[in-house]
Amino acid sequence: MKRTTYFLATVAVIGFWPAAPAVAASCESVASLNMPNVKVTSAAEVAAGAFTPPGGGRGGGAAFASLPPFCRVAATLTPSSDSDIKIEVWLPTSGWNGKFQGVGNGAWTGSIAYPAMAEALRRGYAVSSTDTGHVGGSASFGMGHPEKVTDFAYRSEHEMTVTGKAVVNAFYASAPKFSYWVGCSAGGRQAMKAAQMFPNDYDGIIAGSPGLDWSGRTAQAVRIAQALQKEEARFTPAKAQVLHTAVVNACDALDGLKDGLIENPAACKFDPAVLVCKGGEEPACLTQAQVDTAKLIYSPIVDAKTKREIPGLAPGSELGWTDMGWSVSARATGLDHFRYLIFADPQWDVQKFDVANDVARLTEGVSGAIDARDTNLKPFFDRGGKLLQYHGWSDPQITPLNSTAYYDRAVAANGGRSKVHSSYRLFMAPGMAHCGGGEGPNDFDELAALEQWVEQGKAPDMIQASHARDGKVDRTRPLCPYPQVASYKGSGSIDDAANFVCKQP
Ligand SMILES: [Ca+2]
């Protein structure tokens with residue numbers, strides 16, 4: 001049926017009767033696409049399984065080997081004179097599902113997200129990714145280059161989307177029927193930017209574990225890293241396990257079910273001081289310095305200048321802590337932000353961080369444009385856009401309290417919960433780490449849920465998630481639209497999602 005649709009579109013546009021076209025134009029002909037500030041640098045068909053990422057790529061070898069044939073288009077976009085934005089667009093040469101997908105990046109990015117592109121292509125999507133305007137995973141690109149920071153903040157993703165849709169149109173002689181953004185972490189931040197700034201770009205948006213409070217995360221990560229310069233303040237994996245076990249023991253049953261998961265960590269009031277060693281240091285207790293670190297990691301920063309409260313990590317996240325603090329990546333991302341975008345000093349280090357003065361700097365100027373905290377989602381809602389956000393409660397890298405706090409603010413700013421609920425839902429995943437993994441159910445098909453919502457009007461009242469051990473599923477559980485949580489019906493296996501309902505806690 002889809003094939004027929006493209007066939008008719010082709011006939012209408014090019015006006016003759018081709019043999020059996022799945023596409024309207026040859027892949028190579030896309031190279032002549034004429035758009036301002038867009039230079040197509042290559043357009044060539046890739047045979048099934050023949051794609052290898054530049055430099056061998058990171059992982060995904062088997063995933064690339066199973067790819068169907070596609071038309072691979074690369075372009076350079078220059079919306080400003082200092083811009084150098086690379087994008088790729090992959091177009092299935094047969095079996096296109098009629099839809100477009102933009103995929104997001106991680107941390108400071110600087111590379112095309114080939115594994116995410118491969119996944120979208122396998123689902124039949126025409127898909128696009130950008131390097132966000134620079135090469136490499138550091139923020140050094142931004143020092144003295146405000147236009148490049150703007151490209152990273154939001155412009156590269158938007159320009160990629162506009163160009164990607166034009167490439168789709170040139171190749172299939174048909175605009176995409178539906179367009180989706182799919183991203184986690186930095187890609188979740190990009191997702192929120194799209195919803196807030198470019199309401200017409202996407203019909204449906206997945207915002208996974210979004211770094212929407214980029215500046216807040218930077219401030220927190222560097223604050224913790226500063227405290228952890230003292231070696232005695234650090235956690236070993238064994239001590240993190242001691243703390244985690246105590247937290248779970250204290251708060252697991254608050255949700256009515258002892259299952260090793262804390263459904264609502266915001267209600268968990270655990271004081272790490274109960275673990276302080278009474279005599280000498282022993283394996284089962286924490287030193288006073290470690291207790292202080294734990295308190296610091298859970299605690300918010302309240303910015304003295306703006307009064308903004310920046311949350312800490314949630315109880316339950318302890319297994320993801322490292323001796324660098326929130327996570328190695330959070331520390332590195334934060335350190336880079338201060339070095340290159342705030343102080344223009346590659347030698348700046350965490351001991352110089354001044355919580356009283358430096359937090360507010362992050363939200364000033366072009367640095368502040370990276371944040372995605374604007375709650376005006378009305379234009380996106382009004383055009384029928386759907387926003388599906390998810391976040392793991394045990395995320396040690398981007399605090400899940402960013403997501404719940406933003407959702408609450410968005411509800412207040414956009415006409416209340418019942419109104420917002422028809423356009424925007426947040427699914428919190430107990431025990432899930434950053435973008436996946438962890439002790440809680442963490443594998444789910446959020447895109448399938450969003451497609452049903454956008455294309456059939458079936459809003460997700462729950463998303464079934466599973467947890468696997470050694471490759472075998474050992475638990476399924478519904479993820480519920482916040483502020484609902486999964487509640488046990490009272491009988492049957494606690495590892496079977498069928499025995500749970502979503503309920504207001
Ligand atoms: Ca529980």
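In the predicted model, F427 stands opposite P481, a residue of strand β13. This pairing belongs to the contact between strand β11 (residues 424–429) and β13, where two bridges join the strands and the direction is antiparallel. Strand β13 itself spans residues 472–481 and is mostly covered, since seven of its ten residues are buried. A further partner of β13 is strand β12 (residues 463–469), which runs antiparallel to β13 and is joined to it by seven bridges. Within this pairing, I463 is placed opposite L479 of β13. The two strands β12 and β13 form a hairpin with two residues between them, and in the turn D470 has a positive phi of about 50°.

Strand β5 offers a second view of how strands are enclosed. Five of the five residues of β5 (residues 126–130) are buried, so the strand is largely enclosed by the rest of the structure. The covering applies to both faces, with A126, S128 and T130 buried on one side and V127 and S129 buried on the other. Strand β3 pairs with β5 in the antiparallel sense over four bridges, and in this pairing S128 of β5 is the bridge partner of V89. Strand β4, by contrast, pairs with β5 in the parallel sense over three bridges, and here Q101 stands opposite V127 of β5. Between β4 and β5 the chain passes through helix α3 (residues 114–122), and the resulting β-α-β crossover is right-handed.

Charged side chains were examined next. The structure holds 23 salt bridges, one of which is formed by the side chains of R72 and E88, with a distance of 2.8 Å from N to O. This pair links distant parts of the chain, because R72 lies in strand β2 (residues 70–77) and E88 in strand β3 (residues 85–92), 16 residues apart. The two partners can also be described by their surroundings: R72 counts as partly exposed, because its relative accessibility is 23%, whereas E88, at 6% relative accessibility, counts as buried. Another salt bridge joins the side chains of K86 and D84 at 2.7 Å, again from N to O. In this pair K86 is partly exposed, with a relative accessible area of 33%, and D84 likewise counts as partly exposed at 33% relative accessibility.

A salt bridge is also formed by the side chains of E455 and K99, at 2.9 Å from N to O. This pair connects distant parts of the chain, with E455 in helix α15 (residues 446–456) and K99 in strand β4 (residues 99–103), 356 residues apart. With a relative accessible area of 30%, E455 is partly exposed, while K99 is buried, with a relative accessible area of 8%. The cut-off explains the contrast, because buried means under 20% relative accessible area. Beyond these pairs, D213, R308, D371 and R373 are linked in a network of salt bridges.

A calcium ion is also present in the model, and its donors are D252 (O), D252 (OD), D255 (OD), D255 (OD), L257 (O), D259 (OD) and L261 (O), which coordinate the ion at 2.3 to 2.6 Å. Along the sequence, the donor residues of the calcium ion follow the spacing D-x2-D-x1-L-x1-D-x1-L. Among the donor residues, D252 is buried, with a relative accessible area of 4%, and L257 also counts as buried, at 12% relative accessibility.

Finally, the surroundings of a single acidic residue, D358, were considered. The place of D358 is in helix α10, which covers residues 355–361. Because its relative accessibility is 3%, D358 counts as buried. The side chain of D358 makes a polar contact with the side chain of R361, at 3.0 Å. When neighbours within four places in sequence are left aside, D358 is in contact with F338, F343, W348, K352 and F353.

Terms used
Residues numbered from 1 in each chain as written. Predicted model: local features only at pLDDT ≥ 70, side-chain atom pairs only at ≥ 80, totals over all residues. Heavy atoms only, no water. Buried < 20%, exposed > 50% of the residue type's maximum accessible area, 1.4 Å probe, protein only. Polar contact = N/O pair within 3.5 Å; in protein donor to acceptor, adjacent residues only side chain to side chain. Contact = heavy atoms within 4.5 Å. Salt bridge = Lys/Arg side-chain N within 4 Å of Asp/Glu carboxyl O. Pairing = 2+ DSSP bridges. Right-handed = clockwise from strand over helix to strand, strands pointing away. Donors = N, O, S within 2.8 Å, 3.2 Å for Na, K, Ca; no water.
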